[in-house]
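Thanks for coming, everyone. I would like to spend a few minutes on one model and the ligand it holds, so please have a look at it before I go on.

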Amino acid sequence: MRVAFVGLGAMGACMARNLHKAGLLAAVWNRTTAKAVALAAELNCAAPETLAELARLSDVIVVCVSADQDVFAVIDGLHGGLASRQLVLDCSTVSANTARMVAKRLASVGADFMDCPVSGGTEGARDGTLAIMCGGAAASFTQAQPVLTAMGRTFTHFGPVGAGQAAKATNQIMCAGIIEAVSEAMAFAKANGLPLDKLVETLGKGAGSSWYFVHRAPNMIRESYPPGFRVRLHAKDLGICHDMAAVFGVELPVVERMLAQYAELIAQGHGDEDISTCFRLKDQLFN
Ligand code: NAP
């Protein structure tokens, strides 16, 4: 199986490396060409100039770009090079509707599609331990097994195209509530003069712990928020959750509150920082 990878960002570059380790990576492509050229030289794979050429070099294409319009742009580029029975796996976080539209477009050339959004942060991408939420045909899920195994530890078939993105949206609502709770708790602990390193070590083993507490509270202690998971990207995901809840006539308080806080952080120039930068707002409450 020859696998090609599109989108060598914070997540994609690590995922492509794991495909290389599994002996599957044939080619890479990135909008900023220099990143693809450098990674291809390091991993000894192809870095074709166009997406259509990349499609011709592969059986399975994995995409991991920022947002809905970016997935459409990549699919447009791939389209001319795709053939029947090729499989495209989209690991970007986008709406379930986008996934269904992309699947329809690919079906016109006989190519298959699965939405495969991921969770586990840049650490999960680096360590090949991502949780991957899949939507598509059962046959595509079977065909994708070697690729999913190389990039993740847990992968689940949730149903038809779009079901993976619905599962991911569910995850993003939880992340919103947890990052806010961790930020608020850390600001409270700081105001109370607690030794914060010891606190993370101890509470990290307690009932209130979470992945975000263990992995991102240290950012709050150092007051440094390298991406990570950018505020802009989580705000984009919560916009998707907002729209999906609106279909039921519902506004989710956690989603709405975090969207407002992210808007404030973006206005202050922190949109490209990790979402643990939410601590800035909570810390300000005590100052
Ligand atoms: P990132 O570091 O910002 O990288 C984004 C990638 O998408 C870059 O390679 C970028 O190319 C490419 N891209 C953006 N717009 C494009 C376009 N119009 N056409 C072609 N390529 C385009 O983002 P990331 O953190 O890797 O996240 C990627 C996806 O994974 C997002 O959907 C995000 O929500 C999701 N995700 C992220 C995390 C996380 O912890 N970071 C966790 C789970 C899921 P350039 O290099 O040219 O800018």
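Which residue has a polar backbone atom 3.1 Å from a nitrogen atom of the ligand? That residue is Gly228, and a polar contact here is a pair of N or O atoms within 3.5 Å, where within protein one must be able to donate a hydrogen and the other to accept it, and residues adjacent in sequence count only if both atoms are side-chain atoms. Before I continue, please keep in mind that this is a predicted model, in which local features need pLDDT of at least 70 and side-chain atom pairs count only at pLDDT 80 or more, while totals for chains, interfaces and linings use all residues. Residues are numbered from 1 along each chain as its sequence is written, and side-chain values use heavy atoms, with hydrogens and water left out.

Staying with Gly228, this residue is placed in the loop between helix 11 (211-222) and helix 12, helices being DSSP runs of H or I with at least four residues, and strands runs of E with at least two, numbered from the N terminus. The peptide bond that leads from Pro227 to Gly228 is cis, with omega near 0 degrees.

Two further contacts involve oxygen atoms of the ligand: one lies 3.3 Å from a polar backbone atom of Gly9, and for Arg230 an N or O atom in the side chain is 3.2 Å from a ligand oxygen. Taken alone, the ligand exposes 900 Å², of which the protein buries 90%, with areas from the Shrake-Rupley method and a 1.4 Å probe, and, for residues, only the protein chains shown counting as cover.

As for the shell around the ligand, helix 12 gives the most to it, with three residues. Finally, away from these contacts, Arg85 lies in the loop between helix 4 and strand 4 (87-90), and its phi is near 75 degrees, a positive value in a residue other than glycine.
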